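Here is a short walk through a protein model, written for someone who likes to keep the structure open while reading. Have a look at the sequence and the fold, then read on.

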Amino acid sequence: MQESTLSVRRPPPNPDESAGDDESKTKKGSSFNCLSMHAAARSASGGAAVLLLLLVAVLLVSFLLVSRSRSASCSSPFDSLGSRMSLFGGAYLASDFGSLGVPWCRSKFGKTVEWTSKDLLKGLEEFVPIYEARPIKNNVYGMGFDHSFGLWFMTRWIKPDLMIESGAFKGHSTWVLRQAMPETPIISLSPRHPEKYLKKGPAYVDGNCTYFAGKDFVDFGSVKWEPILKKHGISYLSRVVVFFDDHQNELKRLKQALKAGFQHLIFEDNYDTGTGDHYSLRQICDQVYIRGGGHSCFKDSDEARIRMKRKKFWEKAVDIDELCGKGEAWWGVRGHMRDDFNHSNKAISYAEHFQNSRFVESVLDVYWELPPVAGPSLTHQTRYDPARASDPIVEDGRYGLFQRLGLGRLETSVFNGYTQMVYLRISAPTA
Ligand SMILES: C[S@@+](CC[C@H](N)C(=O)[O-])C[C@H]1O[C@@H](n2cnc3c(N)ncnc32)[C@H](O)[C@@H]1O
């Protein structure tokens with residue numbers, strides 16, 4: 001995907017790239033209707049005036065019938081969401097994605113990821129049955145479907161020799177990493193060992209994983225990586241993937257990873273501006289000079305009006321009152337840099353926030369946000385606001401494709417956890 005596709009409004013994916021396309025069926029239907037109408041009109045022109053009038057009447061009636069049936073066939077099978085969205089002036093489908101602006105981080109040389117939307121679709125088809133066999137069915141407070149897919153897809157693509165995770169909870173993400181790379185060692189850092197959860201219900205403990213957990217817990221930033229990497233036979237840090245789901249300030253984690261020399265990082269909770277319990281990459285990069293970034297706290301602005309409306313429909317949408325703190329501070333969460341599940345938070349000035357973004361840009365080779373797997377009229381998700389997300393992999397209206405990929409077999413709740421998982425490729429800062 002080109003860097004340009006990371007900006008505010010992305011073009012819909014090429015229908016030729018997908019396994020199937022409901023839209024094309026609709027289009028075929030429409031052109032057939034139009035052709036028959038033209039043919040009827042041609043024959044009418046050669047007839048008598050009465051016949052012509054009669055034909056016009058017949059045409060009118062059939063036109064009305066055709067338009068009614070066409071609109072019926074185009075409507076979403078999930079009309080409740082469709083009708084809720086009609087409150088936004090019928091502009092819900094596709095155009096809603098990114099209508100408020102989707103901030104993103106600038107990379108040093110404009111590079112982007114190798115995988116395409118076609119690869120993502122292929123991956124989805126493969127991943128659904130894997131996910132259905134997951135040992136932890138109820139993973140509230142852990143990853144849902146979108147991010148499980150993202151972690152699996154990216155790890156499998158990168159094919160690392162070592163996988164490191166920080167924040168294991170019951171072990172679902174460890175299991176996902178294992179599905180991506182069946183033979184590759186894992187290092188897992190988490191204050192509570194996943195085996196502790198086994199007493200209460202399903203959990204996953206991996207046989208080829210070194211746990212720094214329980215009494216052996218060490219925070220990622222305090223680990224002496226050199227001897228550990230040597231022990232695992234790692235000579236090239238480009239062969240390691242580090243996955244963070246530990247709700248720590250992502251700027252802090254980025255600096256620690258950079259210091260250790262890691263290059264491939266995946267952050268699970270890349271919270272949007274005004275939300276979440278830690279300072280995230282997306283928050284850091286939400287800057288006025290980025291297309292889709294920066295905010296106005298002016299109560300009479302278009303942004304304020306749009307946000308107020310959207311707040312009524314999406315659980316995590318934020319209105320201007322929530323977005324803006326003292327002194328109209330909108331960056332981070334109301335001008336605060338949160339850390340450690342919001343157990344710590346510090347007010348920062350816009351100048352500091354801006355400096356943080358410049359630092360991030362100076363180390364970024366690639367910034368890629370996983371798109372939502374499917375549009376909300378398909379998944380029924382109510383959490384994230386599509387106006388602040390990039391276009392989904394399976395766009396709204398593509399019900400047939402959604403079903404063909406097996407996504408329709410999954411419970412709705414597994415789609416309710418999307419928070420812009422992000423992949424970063426980093427290297428030492430440029431001057
Ligand atoms: C959201 S859960 C992780 C969910 C898990 N990745 C999954 O998908 O099921 C966050 C985890 O981070 C752990 N945690 C808290 N502080 C941490 C730290 N400093 N380093 C690593 N993990 C931490 C918590 O104990 C918790 O298990």
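The notes below go from the whole chain to the ligand shell and then to two strand pairings.

## The chain as a whole

Keep in mind that this is a predicted model. The chain contains 15 helices and 9 strands. Of its 431 residues, 41% are buried.

Contacts between residues at least 6 apart in sequence tell us how the chain folds back on itself: 70% of them join residues at least 24 apart.

## Around the ligand

Which residues come nearest to the ligand? In a shell of 21 residues, they are Gly142, Gly167, Phe169, His172 and Ser173. Two elements each give two or more residues to this shell, namely α6 (172–180) and β2 (186–190).

Sorted by class, the shell around the ligand holds 9 polar, 7 nonpolar and 5 charged residues.

## Strands β8 and β9

If you trace β8 (residues 364–369), you will find a mostly covered strand, with 5 of its 6 residues buried. Its pairing with β9 (residues 422–426) is antiparallel and runs over 5 bridges. One bridge to look for is that of Tyr367, whose partner in β9 is Leu424.

## The β6–β7 hairpin

Strands β6 (residues 336–339) and β7 (residues 344–347) are also antiparallel, and 4 bridges join them. Here His336 has Ala347 of β7 as its bridge partner.

What lies between the two strands of this hairpin? There are 4 residues, and in the hairpin Asp340 takes a positive phi near 50°.

Notes
Residues are numbered from 1 along each chain as its sequence is written. This is a predicted model: local features need pLDDT of at least 70, side-chain atom pairs count only at pLDDT 80 or more; totals for chains, interfaces and linings use all residues. A residue is buried if 20 or more other C-beta atoms lie within 10 Å of its own, exposed if 12 or fewer, and partly exposed in between; C-beta atoms are placed from the backbone. Two residues are in contact if their C-beta atoms, placed from the backbone, lie within 7 Å. A residue is near a molecule or strand if its C-beta atom, placed from the backbone, lies within 6 Å of it. Ala, Val, Leu, Ile, Met, Phe, Trp, Tyr, Cys and Pro count as nonpolar, Asp, Glu, Lys and Arg as charged, and the others, Gly among them, as polar. Two strands pair if DSSP finds at least two bridges between them.
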